[in-house]
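Subject: Structure handover

Hello,

Here is the structure for your files. My notes on it come after the model.

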Amino acid sequence: MIRQANGEDLNELVEMERLLFGKGAWSKASFNYELTENPVSKIFLYQLNKQTVGYLGCWVLLPQIQITTLGVLPEFQNRGIGGKLLWHLEKLAKQLGVNEISLEVRISNRPAITLYQRHGFEILAKRRGYYQDNDEDAYLMVKEMDGE
Ligand SMILES: CC(C)(COP(=O)(O)OP(=O)(O)OC[C@H]1O[C@@H](n2cnc3c(N)ncnc32)[C@H](O)[C@@H]1OP(=O)(O)O)[C@@H](O)C(=O)NCCC(=O)NCCS
């Protein structure tokens, strides 16, 4: 099942984020801010038997949504969980009348880029040196929602 995260999910999210993103992980303080203070932030959790195995963070900035983070625990990857989190967000976006969902992704991150392209996201531009840990470029990917 998918549910919205709250302050009680902080430690679990920080642990997963560190495992998945290493040096580039969001800090505990950043997650805490997203969960408890940032009014435009929503984080959705994908849970199996109450264990969180995936999450998707976004900023709802109507009429747009920006995806800020997406992760699935390694042993649960390639089972469609990332895709289900994206569908969940796209359903919400339609309900809210959003016209565009955007995100940044490392240009080396083939699995993520493939997933986003399957969901109708297109590469619009490259942001040079966007990731400070290794100076990697990011693709800006956008999905237009108009007319769907
Ligand atoms: C990106 C991520 C969230 C995807 O989650 P997931 O649950 O594995 O996603 P799904 O199972 O729904 O889909 C994975 C897709 O990636 C594709 N894929 C997997 N490994 C791949 C590879 N090495 N090269 C290209 N595509 C690949 C598969 O084709 C699959 O698409 P399909 O099922 O439609 O064929 C997950 O891999 C992850 O957490 N990665 C580490 C963190 C990360 O990079 N997050 C994205 C930040 S923008």
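The notes below cover the ligand shell, the strand pairing and one helix residue.

This is a predicted model, in which local features need pLDDT of at least 70, side-chain atom pairs count only at pLDDT 80 or more, and totals for chains, interfaces and linings use all residues. Residues are numbered from 1 along each chain as its sequence is written.

Ligand shell. There are 19 residues around the ligand (C-beta atom, placed from the backbone, within 6 Å of it), and Gln 77, Gly 82, Gly 83, Pro 111 and Thr 114 come nearest. Two or more shell residues come from each of β4 (64-72), α3 (81-95) and α4 (110-118); helices (H or I, at least four residues) and strands (E, at least two) are DSSP runs, numbered from the N terminus. The largest share, six residues, belongs to α4. By type, the shell holds eight nonpolar residues (Ala, Val, Leu, Ile, Met, Phe, Trp, Tyr, Cys and Pro), three charged (Asp, Glu, Lys and Arg) and eight polar (the others, Gly among them).

Strands. Pairing requires at least two DSSP bridges between two strands. β7 (residues 136-144) runs antiparallel to β5 (residues 100-106), with seven bridges; one of the bridge pairs is Ile 101 with Lys 143. β7 also runs antiparallel to β6 (residues 122-131), with six bridges, and there Ala 125 partners Leu 140. The hairpin of β6 and β7 has four residues between the strands, and Asp 135 takes a positive phi near 60 degrees in it.

Helix residue. Leu 20 lies in α1 (residues 10-21). Leu 20 is partly exposed because 18 other C-beta atoms lie within 10 Å (20 or more would be buried, 12 or fewer exposed; C-beta atoms are placed from the backbone).

Regards
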